[in-house]
Amino acid sequence: MIRIEDVLDIYSNNRPDGDVLQIQKAYVFANMMHEYQKRKSGLPFITHPLNVAYNIAENKLDTESVVAALLHDVVEDTDASKDQVEELFGKDVAGIVDGLTKLSALENVDISERKAANFKKLLIAIAKDPRVLIIKLADRLDNMRTLEFMKPEKQKLIAGETLEIYAPLAHAIGMARIKNELEDLSFRYLYPEEYETVSNEAIEKESIYADDMKQIRDVLEHEMKANGVRCIIQSRIKHKFSIFRKMKTQDITLDEVYDFLAFRIILTDNDPNECYKVIGILHGLWTYIPHRWRDFVSQPKENGYRSVHTTLIYEDGVFFEVQVRTKEMHEIAEQGIAAHWQYKQDRTESFEESRLYQVLSQTILDLKEKTSDEFLTDLAQGLKDISHGITVLTPRGRTIALPDQATPVDFAYSIHTEVGNHCVGAKVDGRLVPLHTELHDGNIVEILTNPNAKPSLDWLKLVRTSRAKHKIRATYRALEREEKTADGREMLEKAMRKNKIPFSQMDVEKISKAYKAYKISKVEELYFLVGNGTISINKVLGIIEPSLIRKKQAISLGRKPTEAGNFEKRVRIQGLDNLLVTRARCCNAIFGDPIIGYLTKLKGISVHRADCENLKQGRIDPARLIDVEWVEDPNHSFLIEVIVITEDITGMLARLTDVFDSMNLNLRKVQGESFRVKNQAQFRFTVQISSREELNRVLIRIKGTRGVLSVWRKK
């Protein structure tokens, strides 16, 4: 079990001039705040932040990082506040801890909404300070090491998230040791049978090759010494999940995994040119496989990884890989961004230039257009793109890193947005190819363009990079904005003519004051907000001409009628007639929801949503379930409660009510309250909705409103 003395020892060894007293102070505070808390294992909770802090100190990070590691759970799991942490340990530490703290007031939110909101917060924090990511990875690693104490369903959930998100994040910043362990631990819980099989086969094969490995190592040590190469030689077998992934994706056996046995030659002189000298020696000793010789020294990976790889054949057809790198390259390969920790304006310069930083930035920018599920899927795909990829070349020899199965369109957008937007064709290795062509390692790609061409939405189906997807969507957003602006102008001018309001009365400044949240500075912005339905034409007319009596029917389709009492007319019951039909209050089904009927003893048929918790939890007699279906009726609406969590800022209620008003929806009740400690607010809107489709449009519009953290339909 790690003690604070262990953390201080390794920290002092790696950073002799560090502030040990500040770390001791953080430990005392964390220990006090977590005093009565236990882990699932039964150990005191403080063992967790100590393990995380030890990992951070081991990776040679600064004092603030170790302090933040000790404190990373105090705001989330104790009564400590961010302000208290800032007062005691400074603004930077408080910022890191806040970035690692999950959002509050999300207990009743759908799990995908909750995950998306928390990942959004985490990504923004990482983009500001990558130390947040390193501590988060150390936190996740310690949690994975103790996953055995969780329930099986929780184990699979956490392991799946780790494999999809956190292991690729570790790879993206070059932290290979953490990435490999996260993958193997996830593999153990997600695929226990396959894990057992691969583990047993790997142990058996390692024992079979034990003599070969010793002989190869002896030859390497002798030859390096004979040629004056000062180095450290390491041997290893490929980690379990990497073996499993390669066998599965390439449909091969373990005997065909040519890099199962591997050696590292780490050059102590730190001269990159020595790497090629060693490769020459190796190729003179054994037969090598040409297509498996890779030079990541002259062409480093996106995460900064540098090394030269070659696969050789020993006696009796034993394949093994050798990686040659300098000591500095090795530290970067193992520790990634933590190995060259140099700050510039509170950020790591190398991190800002990385593909991970680009993926995070684009994901955050593109977030409002996506549902929670889409966001999480795109994030996982973007990280996967970084983890597994190819390198292609421009005609002038510039290297471009792309994900597996990338196409010329991905390549075009990697060069420049305008090249992608005006792309009409491509040449690969000198031959004209379709834009859906899959690129391969080493291809030379040339893009053909036309200044009048525009991207096609169909490209979203064939591109693999998040950058290309973002740019294609952004281009269409710009075109859509032009159309909505023109629509808004036409709608507003038509309404003004109809109500005999002269155009000279159009006062943008006056309208802007009434709609402060939208910061309208010119008339085109007003037209766009009217055109996309954000601002109600009725309200704009009322601002322009206050004496004007609002004429609802003149410029809108009108409100929907109040929820009718004859609910039974909305539902068709198969095989039964003349029964009382009611809408179950526990789940409040609306038109478009999958539904099922339940035959009650006194109230006829009660209609539930198919995913109703009461049905899931077995509180009913299955024999009483009856098939029912909706009957369309445009004149009927349903009362639904929509819950919104927002930042606690002035004008938030007005922004939200504007959304309902612009969509011509009838608000029946509004409630709101503030959470002062967390600087958040919660609003509950009871609104008349005609269908699930209309409800989804409402939720998307609210989610895109500035200051909104989360929104969901009350279950």
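Interhelical angles under 35 degrees count as roughly parallel, over 145 as roughly antiparallel and 65 to 115 as roughly perpendicular, with the rest taken as oblique. With that scale in hand, a pair of helices in this predicted model makes a good starting point. The axes of helix H22 (residues 466-498) and helix H25 (residues 537-544) come within 11 Å and cross at roughly 55°; H22 and H25 are therefore oblique to each other. The crossing in which H22 passes H25 is right-handed. On the H22 side, Met491, Leu492, Ala495 and Met496 make the contact, and they meet Ile537, Val540, Leu541 and Ile544 of H25. The character of this contact is easily told: eight of its residues are nonpolar, with no polar and no charged ones.

Helix H9 (residues 131-145) invites a check of its length. Its 15 residues, at 1.5 Å a residue, should span 21 Å, and the end C-alpha atoms are indeed 21 Å apart, so expectation and model agree. H9 is also mostly covered, with 13 of its 15 residues buried.

Two loop residues round off the picture through their backbone geometry. Lys60, found in the loop between helix H3 (47-58) and helix H4 (63-71), has a positive phi of about 65° although it is not a glycine. Its relative accessible area is 35%, so Lys60 is partly exposed. Asp251, likewise not a glycine, has a positive phi of about 55° and lies in the loop between helix H14 (240-250) and strand S2 (261-267). With a relative accessibility of 69%, Asp251 counts as exposed, since the cut-off for that class is over 50%.

Notes. Residues are numbered from 1 along each chain as its sequence is written. This is a predicted model: local features need pLDDT of at least 70, side-chain atom pairs count only at pLDDT 80 or more; totals for chains, interfaces and linings use all residues. Side-chain values use heavy atoms; hydrogens and water are left out. Axes are lines fitted to C-alpha atoms, for helices over the stretch in contact, and angles run from 0 to 180 degrees between N-to-C directions. Helices (H or I, at least four residues) and strands (E, at least two) are DSSP runs, numbered from the N terminus. A crossing is left-handed if the near helix is turned anticlockwise from the far one by less than a right angle, and right-handed if clockwise. Contact means heavy atoms within 4.5 Å. Ala, Val, Leu, Ile, Met, Phe, Trp, Tyr, Cys and Pro count as nonpolar, Asp, Glu, Lys and Arg as charged, and the others, Gly among them, as polar. The expected span of a helix is 1.5 Å times one less than its number of residues. Buried means under 20% relative accessible area, exposed over 50%, partly exposed in between (1.4 Å probe, protein chains only).
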